[in-house]
Amino acid sequence: MAASSRSLLRVLSRCQSQFYPVSSSSLTAHRQLPVRSYAAAAKPAQKEKKEETGQEKVVKEKRKIDDRDRHKPYGLTAWAPLDDVYFVRYYPKPVYEMPVAIEMLKNFQKLDFTAENQPVYINLCLDMKLEKKKKVDPFVSTMYLPHPFKTDVNKVVVFTENPDQARLAMENGATIAGGAELVEKILADEITADFYLAEPDIVQKLLPLKNKLRKKFPKSKRGSVGINIPKMLALFRTGHEYIVEDVCVNTQVATLDMPKDFIFENIQAVCKDVASHKPTELGSHLQQDK
């Protein structure tokens, strides 16, 4: 029995060696592989330098399609709708002359039963570009309107250290006139006004008010710093102020109950003043909305 068991173990061991041959050489085969102790570095591809040429880059402009001779505008249904009710997006945007537009506003007011003295606004889109990629900085302007629509006058504070100029300012309609002693009262909100005027000699003493007044701080560019106090008061007490935000002006120009001619002349005056802030040789300041 012992002999048969030993013969069985021998047979099993031989079968194992035939089906699963394992040798010492196979175990160490992975260790004997040649190992390269260095690596060949690939040369980085050199970027080809673009040759600088004096030729200007041609900027591709959007192609403007001239469809005036077509039977209908490009991408739209027709030049004008045939019915009173239609989809606006399928037809060109109507453009009216200024007198016609003012007359239409007055007619709409009667149909809508709205207030007759409602404000009339204009929205202007400006071309702020100058030479060599420069632009006109956004500005604030005060101007005379041919036909003012406000019934009350603006409150104006005048800064001056000259007693005679302070008396002259009060005689010409200034709300308050004084020197640097007004700074603390303005910071404490004891004095408020629509505009602040100053003589050139006192501007440095008003610097603590710069953050408080912001755009109302006296500046020579806005005409709020000067020596002619009566002239400045005449402008800022009854003048109309508008602000350029980004590239647009949105300001009131009249009330709807004013005559059509008065509204039209006020609009013309605002457009003329806006255009004066850009050199005439660089083209019009106003853009046509197409």
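**Close-up 1. Thr 142 is a buried residue, with a relative accessible area of 15%.** Everything here comes from a predicted model. Under 20% counts as buried, so at 15% Thr 142 makes the cut. The residue sits in strand β2, which runs over residues 140-143. What does Thr 142 touch once its neighbours within four places in sequence are left aside? Its contacts are Phe 195, Leu 235, Phe 236, Gly 239, His 240 and Glu 241.

**Close-up 2. Helix α4 keeps its buried residues on one face.** The helix covers residues 163-171, and Gln 165, Ala 166 and Ala 169 are buried in it. Look down the axis of α4 and these buried residues fall within an arc of 100 degrees, so they line one face of the helix. What do they pack against? The partners are β3 (156-159), β4 (176-178) and α7 (229-238). Over on the other side of α4, Pro 163 and Glu 171 are exposed.

**Close-up 3. Here are the two ends of α4, with Asn 162 at the start and Gly 173 following the helix.** At the start, a side-chain oxygen of Asn 162 reaches over to the backbone nitrogen of Asp 164, coming within 3.0 Å. After the helix comes Gly 173, and its phi is positive, near 105 degrees.

**Close-up 4. Phe 87 and Tyr 90 form an edge-to-face pair.** How many aromatic pairs does the structure hold? There are five. In the one shown here, the ring centres of Phe 87 and Tyr 90 are 5.6 Å apart and the planes meet at 65 degrees. Planes over 60 degrees apart count as edge-to-face, so that is the label for Phe 87 and Tyr 90. Are the two residues buried or exposed? Phe 87 has 51% relative accessibility, so it counts as exposed, while Tyr 90, at 37%, counts as partly exposed.

**Close-up 5. Cys 125 and Cys 248 have their sulfurs too far apart for a bond.** A disulfide is a covalent bond between the sulfur atoms of two cysteines. This structure holds zero of them. Why is there no bond for Cys 125? The closest cysteine sulfur belongs to Cys 248 and is 4.1 Å away from that of Cys 125. A disulfide needs the sulfur atoms within 2.5 Å, so the 4.1 Å between Cys 125 and Cys 248 is too far. As for its surroundings, Cys 125 counts as partly exposed, at 30% relative accessibility.

Note on methods
Residues numbered from 1 in each chain as written. Predicted model: local features only at pLDDT ≥ 70, side-chain atom pairs only at ≥ 80, totals over all residues. Heavy atoms only, no water. Buried < 20%, exposed > 50% of the residue type's maximum accessible area, 1.4 Å probe, protein only. Helix = DSSP H or I, 4+ residues; strand = E, 2+ residues; numbered from the N terminus. Arc of directions from axis to C-beta. Contact = heavy atoms within 4.5 Å. Polar contact = N/O pair within 3.5 Å; in protein donor to acceptor, adjacent residues only side chain to side chain. Phe/Tyr/Trp six-rings, centres within 6.5 Å; stacked < 30°, edge-to-face > 60°.
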